[in-house]
Each structure stands twice: as C-alpha cells, then as structure tokens.
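The following note sets out several points for a colleague beginning to read this structure. Please consult the sequence and the model alongside each point.

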Amino acid sequence: MRKSIGIFLLLTFSFSLFSLEIKGVRYSCSPSKARVVLTLDSYPYYNVEREEKTLKVYLPGYEGEEKKITFPNSLVSSIKLVAQPVSFLVEVNTTCPFQYQIFRLGSPERLVIDIFPQNLSSINIRKVVIDPGHGGKDPGAIGWGGIKEKDIVLRVALYLRNFLVQEGLEVYLTRRRDVFVPLKKRVEFANKIGADLFISIHCNSSLSRRACGFETYYLSEALDDHARAVARVENSVVKLENPVEKWKLTILEDLSLLEFRKESILLAQLLQEKLDACLPTPNRGVKSALFYVLKGVHAPAVLVEIGFISNPWEARMLRKSYFQREIARCISEGIVKFTRKIALRENEIL
Ligand SMILES: [Zn+2]
C-alpha cells in the first residue's frame, strides 16, 4: 500500500513537473461511426476501460480543457473531457453496445478513437474510395506494347466510379489524373473522408508470359510465394516516396486488420465471383498479402489485380475500352452485392 502511494506521489510529482498538453480535440459523429481525434504535444500513452456503453481513455500526465459535447440521434450520445489528478480522461458514451479501435498518428502527434456499433452489419456502405494504383513518376508494371499499369487502372477506376454513382453510392478517387500519390496519403485520404469501403485497382505482372487471370487480395500474411511477390512489387513504390517512410507492418497489433477482416474477405469473394461470371480470363481466387495501401484503412479494404499485362493476349485485352468497362461493371456489381449483404445481414460470415 505504502509502495503504491509512493508511486502515486511520484507520478503526481513527475506529471506536475512535466505536464503534457492536449492541444486540440476534433470529433465527428454519425449513426454508424464516431471518431475523436486528440492532438497532443508528444507521443501519447494511454489506458482504456470499457463498460457496455462507455469507453474511458486515460492519458496519464496530460492536461487540457474540460468539455462536454452531446450528439442527438447518433451512435455516440456524449463525449466528456475531464481533468483528473494524474490523468486526463476522455469518456465516450454510446447509445448501444459498441466496438472501438484506438491508434496513433504522427506529425503532429494524434490519438484517434474510433467507435462502431457492436453489430457491424448495421453499418451501411455509403462512401466508396477507389484507389487506382501508381501514377505520375510511378508507372507500375510495364506490359506488352509498352502499356503502363497506371494508365489501365485509372481508366478502369473512372468507369467504376460511373457505375457506382449510378447505384447511388458516394464515390471518391485517390487520384483522378496521372499524378503520383504516396501510399500513405491514399490511406489517410480514405480515413479522412470516413470511407465505408476501399478498393485498390492494379495489374499483375509475371516473368512467365503465360501467367494470366484476375485475383483479389485482403490484408493478411501471404500464404504463397506468388502472393508475397505481388505484395513486394506493389509495395516497392515506397522507394519513390519522399521522404521514404519506414513502414512496419505490425500485423498483430493493428486492430484495423481484425476489425474488418471478415468483411474484406467477403468483399474479395464477391468481386471474384462477379469477375468470374463475366470475364474470359481465369479466376485465380481470393488471396492475402501484406499491402501497405490496405494497412490502416478503417473500412473493408481489398486490392484487385485485374489481369496480367505481362501476358501478350491479356495485355491486348486490357488496353481495350470495352474490356476495361466490363471489368469495372463486374467490380461494381460485386460491390453492390456486398453493400446489400451487409445491409440485409444475409451472410453467415458476419
Ligand atoms: Zn500495381
């Protein structure tokens, strides 16, 4: 007991000497998602306590302005910011049982608290982010006849946007032109607008001219050499990024991986199913690998390799407008089926 009082006094003394400041608080709230972002003056440490409808995040040593914000008709009913003797408390009260994830962002240091309903199937898919791979100084793979991956995937993405808009979805692209966008910026963009679904579009390439077909990836450890090689190629763009980000895929620590894993697998399966029904090229199946561009996306997220531009026949197909449009149509149908499954809670996986 004496020891714990000693530690308490020591902590109080230390924190009073080196108090840390919460520089700002931002929040957004809707019926299906809530986010609190704390801007801090140093790398944050925190403790979490949860009850059925309350999440308490304690920041030892921090000081900040006390506040209570209430939200009508939202997943979160109120957020309280409370100064305590040795901690600053962020208390989030929800209107229903919930799940949460907390993660840090740098430059400036931020702590992000995301809240979702316990029952994920109550999430409605409304905002879709399409990510055409590569762009600008990064051409991606170069195929037969000199075709560039970055051009093919942009055209497919633009067709896909049109199909999805017709379905009433809100669609955003990480790039609409031939520009270079770092991988991390693509993820940040999706999270900033609160994407409900993220799809990255790429073309495959192989040393074997005979390799062909389409495959869809979700984020997890690669299970075979081909999947590892595909991820290595798609991740290699970080070398062109300035400054070079030293990214680590701390897979077990990343809650977002687990959060949307089932949904991402389901989305990948539905895309493969639809592509299989209308493309003449082979279905290579659903796969997993560690792609930087999928890591940290707070929504179901997949990467589609629409075909091999290293295969002479497939490369010829991929440069044709009608084939690009057909791929986009199949992907759009897969996404629409996914949104309905999520809304109707039809699938057994969830
Ligand atoms: Zn690519």
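1. Donors are N, O and S atoms within 2.8 Å of the metal (3.2 Å for Na, K and Ca); water is not among the atoms, so sites may look incomplete. With that definition, the donor residues of the zinc ion follow the spacing H-x14-E-x52-H-x31-E in sequence. H202, in strand β13 (residues 197-204), and E234, in helix α4 (residues 225-235), are 32 residues apart and link distant parts of the chain. Helices (H or I, at least four residues) and strands (E, at least two) are DSSP runs, numbered from the N terminus.

2. This is a predicted model, in which local features need pLDDT of at least 70, side-chain atom pairs count only at pLDDT 80 or more, and totals for chains, interfaces and linings use all residues. Residues are numbered from 1 along each chain as its sequence is written, and side-chain values use heavy atoms, with hydrogens and water left out.

3. The zinc ion is coordinated at 2.0 to 2.5 Å by H134 (NE2), E149 (OE), H202 (ND1) and E234 (OE), the last entered twice. Both H202 and E234 are buried (under 20% relative accessible area; exposed is over 50%, partly exposed in between; 1.4 Å probe, protein chains only).

4. A salt bridge is a side-chain nitrogen of Lys or Arg within 4 Å of a carboxyl oxygen of Asp or Glu. The count by this rule is 13. K287 pairs with E215 in this way, with closest N and O atoms 3.2 Å apart. K287 is buried at 15% relative accessibility, and E215 is buried at 0%.

5. R329 and E326 also form a salt bridge (2.6 Å, N to O). Salt bridges join K274, E326, R329 and E333 in a network.
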